Amino acid sequence: MNLQEELNKAGGFKNLEHLAKQVVEGFISGMHKSPFHGFSAEFAEHKIYNQGESTRHIDWKLYAKTDKLYTKRYDDETNLRCHIILDNSSSMHYPEQTTFSIDHLNKIGFSALASASLMHILKKQRDAVGLSIYSDNYDFYASEKGSERHHQMLLAQLSNAVLSKPVSKQTETYKYLHQIAEKIHRRSLIFVFTDMFQTATDEEKLFEALRHLKHNKHEVVLFHVFDKSKELTFDFDNKPKRFVDLETGEFINLYSDTVKENYEKLVSAYFENLRIKCGQNKIKYVEADINRNFDAILTTYMVERQKFI
């Protein structure tokens, strides 16, 4: 059964845990054909052996297969604390959907399934995960824990976010990032899922807030979630259309070809500026196109996790 069949069977995002498991299993299978071959063992019951550690728990059978040293993990180990931050403003529900398709997710659906997939890996690693969801309010917060009950609660919140229909909900991302930063005291890996739509005057405030998230030696990854074909290249047929701002309700009627060239130039410049500013502030910037798979998300997790082991 493929992912789309699983999604239909699950009734949308009601069985998010099962969908996340399918995403992760597909990714791990694909790693055997990638430069990360051999790292898939980390997702189960092993971690890379670091020089100076006790050799008592080295898995010599795995060493014989991979030529890499791994040590076995145990139930009481927690090496990583991770906090996932999800933007649930109205613009994240683009494109509007009445039914969910794994091949045509909107931004909030992509972000929720990506988050659940990360949580699935963290659960297998016996790591602690927390979650924040915001829109025009700080809608939900849970600190980092590793229990099964906690995991199920976070999955329910992610599902609710996808199935919600926020109307004209704008957000001041920087405001809530400051609040979240005040709550996370122990060094953590922080993932932020947002489409980065804010006013020009909010841009510097946003990077101030992202710097605040890094203040306690946290590692911050910004997943910039967008529909590349529509929101970057403006790939619409040249028929008269009404384009509506989901957060303000403002609209404009036009033929797409009349603005396409200037639109793409301006948006490309904005996205490039985001990349540069993230680099200047030592924040990892990851393009998360909702029309692609989740490999970029999960590969980023693999790379960033190594900083904590």
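**Exercise 1. Classify Y263 by its accessibility and describe its ring partner.**

Step 1. Y263 has a relative accessibility of 25% and counts as partly exposed. Buried means under 20% relative accessible area, exposed over 50%, and partly exposed in between (1.4 Å probe, protein chains only). The model is predicted: local features need pLDDT of at least 70, side-chain atom pairs count only at pLDDT 80 or more, and totals for chains, interfaces and linings use all residues. Residues are numbered from 1 along each chain as its sequence is written, and side-chain values use heavy atoms, with hydrogens and water left out.

Step 2. The structure holds 12 aromatic pairs. Rings of Phe, Tyr and Trp (its six-membered ring) pair if their centres lie within 6.5 Å; planes under 30 degrees apart count as stacked, over 60 as edge-to-face and the rest as tilted.

Step 3. One of these pairs joins F191 and F223, with 5.5 Å centre to centre and 35° between the planes, a tilted arrangement. F191 belongs to strand β6 and F223 to strand β7, so this pair ties together parts that are 32 residues apart in sequence. Both F191 and F223 are buried.

Step 4. The ring partner of Y263 is F234; this pair is also tilted, at 4.4 Å centre to centre and 40° between the planes. F234 sits in the loop between α8 and β8 (240-244) and Y263 in helix α9 (residues 260-280), so the pair ties together parts that are 29 residues apart in sequence. Helices (H or I, at least four residues) and strands (E, at least two) are DSSP runs, numbered from the N terminus.

Step 5. F234 is buried, with a relative accessible area of 8%.

Step 6. Elsewhere, ring pairs join Y134, Y138, Y141 and Y176 into a cluster.

**Exercise 2. Describe the largest nonpolar core and the surroundings of F191.**

Step 1. A nonpolar core is a set of buried Ala, Val, Leu, Ile, Met, Phe, Trp, Tyr and Cys residues joined through side-chain atoms within 4.5 Å. In soluble globular proteins, nonpolar side chains tend to be buried together.

Step 2. The largest such core has 47 residues, and I84, F191, F193 and Y301 have the most contacts inside it. Helix α4 (residues 107-124) gives the most to this core, with 10 residues.

Step 3. Not counting residues up to four places away in sequence, F191 touches C82, H83, I84, I85, L118, V221, F223 and Y301. Contact here means heavy atoms within 4.5 Å.

Step 4. Apart from the largest core lies another, of 27 residues, among them Y174, M196, V220 and L274.

**Exercise 3. State how many disulfides the structure holds, and give the burial of C82 and C278.**

Step 1. A disulfide is a covalent bond between the sulfur atoms of two cysteines. The cut-off used here is a pair of cysteine sulfur atoms within 2.5 Å.

Step 2. The structure holds zero disulfides.

Step 3. C82 is buried, with a relative accessible area of 0%. C278 is buried as well, again at 0%.

**Exercise 4. Locate the salt bridges of R187, K228 and D237.**

Step 1. A salt bridge is a side-chain nitrogen of Lys or Arg within 4 Å of a carboxyl oxygen of Asp or Glu. The structure holds 14 salt bridges.

Step 2. R187 bridges to E219, with the closest N and O atoms 3.9 Å apart. R187 is in the loop between α6 (173-183) and β6 (189-194), and E219 is in strand β7 (residues 219-226), so the pair ties together parts that are 32 residues apart in sequence. R187 is partly exposed at 36% relative accessibility, whereas E219 is buried at 19%.

Step 3. K228 bridges to E287, with the closest N and O atoms 3.3 Å apart. K228 lies in helix α8 (residues 228-232) and E287 in strand β10, so the pair ties together parts that are 59 residues apart in sequence. K228 is partly exposed at 31%, and E287 is partly exposed at 27%.

Step 4. D237 bridges to K241, the closest N and O atoms being 2.5 Å apart. D237 is partly exposed at 42% relative accessibility, and K241 is partly exposed at 24%.

Step 5. E203, E204, R211 and K277 are linked in a network of salt bridges.

**Exercise 5. Decide whether D289 is paired or unpaired, and list its contacts.**

Step 1. D289 is found in strand β10 (residues 284-289).

Step 2. D289 is buried but has no salt bridge; R292, the nearest side chain of opposite charge, is 5.4 Å away. In this count Lys and Arg are positive and Asp and Glu negative, while His and the chain ends are not counted.

Step 3. Leaving aside neighbours within four places in sequence, D289 is in contact with F110, F226, D227 and K228.
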